[in-house]
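Subject: The structure we talked about

Hi there,

Here is the structure I promised to pass on. Have a look at it first, and my notes on what I found follow below.

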Amino acid sequence: MTDSKHTRIFTVDLCRSQTAETGTNYMIYLDNAATTKPSQKAAEAMLMSVEEFGNPSSLHGAGLRAEKLINGAKENFAKTLGVDKKNIYFTSGGTEANNLAILGTADALKRRGNRVITSKIEHPSVIEAFKKLEKDGFDVVYVGVNRDGVINLDEFSKALTDDTILVSVMHTNNETGVIQPISDISRLTREKAKNCVIHCDCVQAFGKLPIKPEQLGVDAVSISAHKIHGFKGCGALYTKTRISPLIVGGEQQNEIRPGTENVGGILAFSAALSECSFDADEMRRKRTLMKNLLSEKLDNIVINGSCENNSGSVLNVSFVGIKAEILLHSLERYEIYVSTGSACSSHKPQPSHVLTAMGASQKEIDGAIRISFSQNTTDSEIVYASEKIAEEVKNIRKYM
């Protein structure tokens with residue numbers, strides 16, 4: 001058992017919101033689509049792994065205890081997803097899970113066909129994986145979306161052929177929060193490409209919305225720990241189809257994902273999952289509150305993405321006439337943290353590929369920020385943040 005005093009000190013130090021620059025003890029964090037604050041239970045689970053440090057592959061007692069803890073976590077994920085635990089593989093995060101699903105499936109099924117399909121608004125870890133397949137000679141189709149950020153089903157249907165072996169479309173977009181019609185995508189795929197595997201990047205949906213692969217009609221699902229108040233460096237892939245490993249080594253995880261398991265990350269991931277609310281209505285209420293407050297305070301703004309088909313976890317809004325980067329940094333002095341788009345693409349100079357695919361104008365793209373919520377975001381934080389955002393937008397517009 002862990003020492004409760006040490007656990008308390010560890011988790012308080014880990015989870016406090018103090019910043020080195022200002023020394024304040026509070027901030028309004030609205031960049032939860034990039035990463036979330038580790039929960040208390042996740043931190044406690046991580047600390048427990050420090051004491052249960054055995055290698056899960058070892059045959060002695062310490063190793064067996066670690067293995068038992070991992071199996072318990074796997075059962076937790078299997079129950080939540082409604083799947084068989086033998087088909088769950090732990091990874092280093094969502095990026096590896098997406099790469100393993102896409103590249104591993106394409107390699108395993110390349111004798112069946114050559115066509116693979118995705119959308120133009122996928123996460124970079126998906127887009128870049130498909131670009132690699134394109135270089136390797138696969139026939140890659142990138143399907144477009146409408147102005148609301150929803151995939152064009154007619155275009156998708158026309159892209160399906162008998163030799164299509166892989167479809168990968170995300171559940172919830174990381175820049176807009178828009179939910180894709182996965183069940184319709186699955187139905188069309190089953191009708192026109194019977195030998196095709198369907199993968200769904202659920203990194204932004206898992207823990208916020210009920211995700212059941214069987215109900216969605218998909219074969220593989222990617223999830224990530226640090227999006228649901230776990231720690232960075234841990235994710236998982238569920239897949240029930242044949243897949244080739246990306247790396248080789250030991251016999252861990254059926255040799256699909258070899259390497260000593262990240263016991264602490266896995267236990268923290270499972271602990272964080274146990275605290276997820278799955279309350280989509282409450283998340284959408286928070287998004288609507290922020291949207292309405294900003295719309296009341298400011299003119300010439302554009303809400304990017306469907307409000308009806310939205311997880312509620314993300315509000316992407318364009319303040320026309322400003323540069324989003326200026327607004328982002330001006331809000332830092334109030335310790336209000338937002339984003340200009342995907343954290344995985346924030347250092348690239350090119351405009352958002354998601355908003356571009358949606359047909360947004362250059363001014364709308366230049367002035368777009370992403371406000372993303374967690375189950376811990378309060379109404380008072382939303383109200384205060386909306387006031388400061390409005391003030392700063394007005395100030396920036398004066399000088400631009």
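Let me start with helix 4, which covers residues 94–109. This helix has 16 residues and reaches 22 Å from its first C-alpha to its last, close to the 22 Å expected at 1.5 Å a residue. Of its 16 residues, 14 are buried, so helix 4 is largely enclosed by the rest of the structure. Please keep in mind as you read on that this is a predicted model.

Next, a pair of helices. Helix 3 (residues 61–81) packs against helix 9 (residues 263–273) at an angle of about 35 degrees, and their axes are 9 Å apart. The crossing of these two helices is left-handed. If you would like to pick out the residues involved, helix 3 brings L69, I70, A73, N76, F77 and T80, and these meet V263, I266, L267, F269, S270 and L273 of helix 9. By type, the residues of this contact divide into 9 nonpolar, 3 polar and no charged. As background for reading such a list, an α-helix has 3.6 residues a turn, so residues three or four places apart point the same way.

Now to the strands, beginning with strand 5 (residues 164–168). All of this strand is covered: 5 of its 5 residues are buried, so strand 5 is largely enclosed by the rest of the structure. Strand 5 is joined to strand 3 (residues 115–119) by 4 bridges, and the two run parallel. Within that pairing, T118 stands opposite S168 of strand 5. Strand 5 also runs parallel to strand 6 (residues 197–201), with 3 bridges between them. Here L166 has V197 in strand 6 as its bridge partner.

There is also an open sheet of 3 strands, with antiparallel pairing and the order 9-10-12. Which strands stand at its edges? They are strand 9 (301–304) and strand 12 (368–372); each has a single partner strand, so one side of each is left without a neighbour in the sheet. From one strand to the next, the twist averages 25 degrees.

Going through the pairs in this sheet, strand 9 and strand 10 (residues 314–319) are antiparallel and joined by 4 bridges. One position to look at is V302, which stands opposite S318 in strand 10. Strand 10 pairs with strand 12 over 5 bridges, again in the antiparallel sense, and there V314 stands opposite S372.

Is strand 12 mostly covered or mostly uncovered? It is mostly covered, with 5 of its 5 residues buried. That holds for both faces: A368, R370 and S372 are buried on one side, and I369 and I371 are buried on the other. As a general point, the side chains in a regular strand alternate between the two faces of the sheet.

One last residue is G321, which sits in the loop between strand 10 and helix 11 (324–332). At 38% relative accessibility, G321 counts as partly exposed, because that value lies between the cut-offs of 20% for buried and 50% for exposed. Leaving aside neighbours within four places in sequence, G321 is in contact with R397 and M400. To place G321 relative to the helix pair described above, G321 and I70 of helix 3 are 251 residues apart in sequence and 51 Å apart in space, C-alpha to C-alpha.

Happy to go through any of this with you.

Best wishes

Terms used: Residues numbered from 1 in each chain as written. Predicted model: local features only at pLDDT ≥ 70, side-chain atom pairs only at ≥ 80, totals over all residues. Heavy atoms only, no water. Pairing = 2+ DSSP bridges. Axes fitted to C-alpha atoms, helices over the stretch in contact; angles between N-to-C directions. Left-handed = near helix turned anticlockwise from the far one by under 90°. Contact = heavy atoms within 4.5 Å. Nonpolar A, V, L, I, M, F, W, Y, C, P; charged D, E, K, R; others polar. Buried < 20%, exposed > 50% of the residue type's maximum accessible area, 1.4 Å probe, protein only. Expected span 1.5 Å × (residues − 1).
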